[in-house]
Amino acid sequence: MQSAYDVIIRPVVSERSYDLMEQGKYTFEVAKKAPKEEIAEAVERLFNVHVVKVNTINVRGKAKRVRYQVGMT
């Protein structure tokens with residue numbers, strides 16, 4: 001098991017995340033290999049709250065080209 005600080009990388013700060021905060025939902029960037037149980041446990045330990053549900057999503061990077069080099073964002 002990892003440290004809570006290794007699981008939770010940073011909060012996501014956007015307009016949509018602020019709108020979700022009014023509903024009691026919070027968004028974080030987390031480690032890619034962290035399972036939902038570990039994410040819930042890390043949030044409970046860091047913020048002293050009870051986690052009801054954890055939703056995750058993996059977003060692939062977009063392919064971008066600069067002159068002749070292709071890379072991912």
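Let's start at the far end of the chain. Ala63 stands opposite Met72 in strand S4. This is a predicted model, so please hear every value as computed from that prediction. Val66 stands opposite Gln69, also a residue of S4. Those pairs belong to a two-strand arrangement. Strand S3 covers residues 63-66, and strand S4 covers residues 69-72. They pair in the antiparallel sense, over four bridges.

Now the turn. The hairpin of S3 and S4 has two residues between the strands. Arg67 lies in that loop between S3 and S4. Its phi is worth a look. Arg67 has a positive phi of about 55°, although it is not a glycine. For background, most residues other than glycine have a negative phi. Is Arg67 buried or exposed? Arg67 counts as exposed, because its relative accessibility is 70% and the cut-off for exposed is over 50%.

There is another positive phi to report. Asn48 has a phi near 50°, and Asn48 is a residue other than glycine. Where does Asn48 sit? Asn48 is in the loop between H3 and S3. To be precise, Asn48 comes just after H3. With 70% relative accessibility, Asn48 counts as exposed.

Let me step back to the whole chain. It holds three helices and four strands. Along the sequence, the pattern reads α-β-α-β-α-β-β. Next, overall dimensions. The radius of gyration of the chain is 15 Å, whereas a compact globule of 73 residues would have one near 11 Å. Along the principal axes, the C-alpha atoms fill a box of roughly 50 × 30 × 15 Å. How much of the chain is buried? Of the 73 residues, 19% count as buried. And contacts: take those between residues at least 6 apart in sequence. Of these, 31% join residues at least 24 apart.

On to helix H3. H3 runs over residues 36-47, twelve residues. From first C-alpha to last, H3 reaches 16 Å. That is close to the 16 Å expected at 1.5 Å a residue. Which residues of H3 are buried? They are Glu38, Ile39, Ala40, Ala42 and Val43. Note that Glu38 is on that list. What covers them includes helix H1 at 4-7, strand S1 at 8-11 and strand S2 at 28-30.

That leads to the core. The largest nonpolar core has eleven residues in all. Its members are Ala4, Val7, Ile8, Ala31, Ala34, Ile39, Ala40, Ala42, Val43, Val51 and Val54. Which elements give two or more residues to this core? H1 and H3 do. H3 gives the most, with four residues.

Look at the H1 side for a moment. Ala4, a core residue, touches Ala42, Arg45 and Leu46, leaving aside residues up to four places away in sequence. Ala42 is itself in the core. Asp6 is in helix H1. The C-alpha atoms of Asp6 and Ala42 are separated by 9.0 Å, and the two residues are 36 apart along the chain. At 46% relative accessibility, Asp6 counts as partly exposed. The window for that label runs from 20% to 50%, so 46% falls inside it.

Last topic: aromatics. How many aromatic pairs does the structure hold? One. Phe28 and Phe47 form it, and the pair is stacked. The centres are 5.6 Å apart, and the planes make an angle of 25°. Why is that called stacked? Planes under 30 degrees apart count as stacked, and here the angle is 25°. Phe28 is in strand S2 and Phe47 is in helix H3. So far as sequence goes, the pair links distant parts of the chain, 19 residues apart.

How accessible are the two rings' residues? Phe28 has 26% relative accessibility and counts as partly exposed. Phe47 has 44%, and counts as partly exposed too.

To recap, H3 is a good place to start on screen. H3 gives four residues to the largest nonpolar core. Phe47 of H3 stacks with Phe28 of S2. Asn48, with its positive phi, comes just after H3. Then go on to the S3 and S4 hairpin, where Arg67 has a positive phi near 55°.

Key: Residues are numbered from 1 along each chain as its sequence is written. This is a predicted model: local features need pLDDT of at least 70, side-chain atom pairs count only at pLDDT 80 or more; totals for chains, interfaces and linings use all residues. Side-chain values use heavy atoms; hydrogens and water are left out. The expected span of a helix is 1.5 Å times one less than its number of residues. Buried means under 20% relative accessible area, exposed over 50%, partly exposed in between (1.4 Å probe, protein chains only). Contact means heavy atoms within 4.5 Å. A nonpolar core is a set of buried Ala, Val, Leu, Ile, Met, Phe, Trp, Tyr and Cys residues joined through side-chain atoms within 4.5 Å. Rings of Phe, Tyr and Trp (its six-membered ring) pair if their centres lie within 6.5 Å; planes under 30 degrees apart count as stacked, over 60 as edge-to-face and the rest as tilted. Two strands pair if DSSP finds at least two bridges between them. The radius of gyration is taken over C-alpha atoms; the globule rule is 2.2 Å times the number of residues to the power 0.38.
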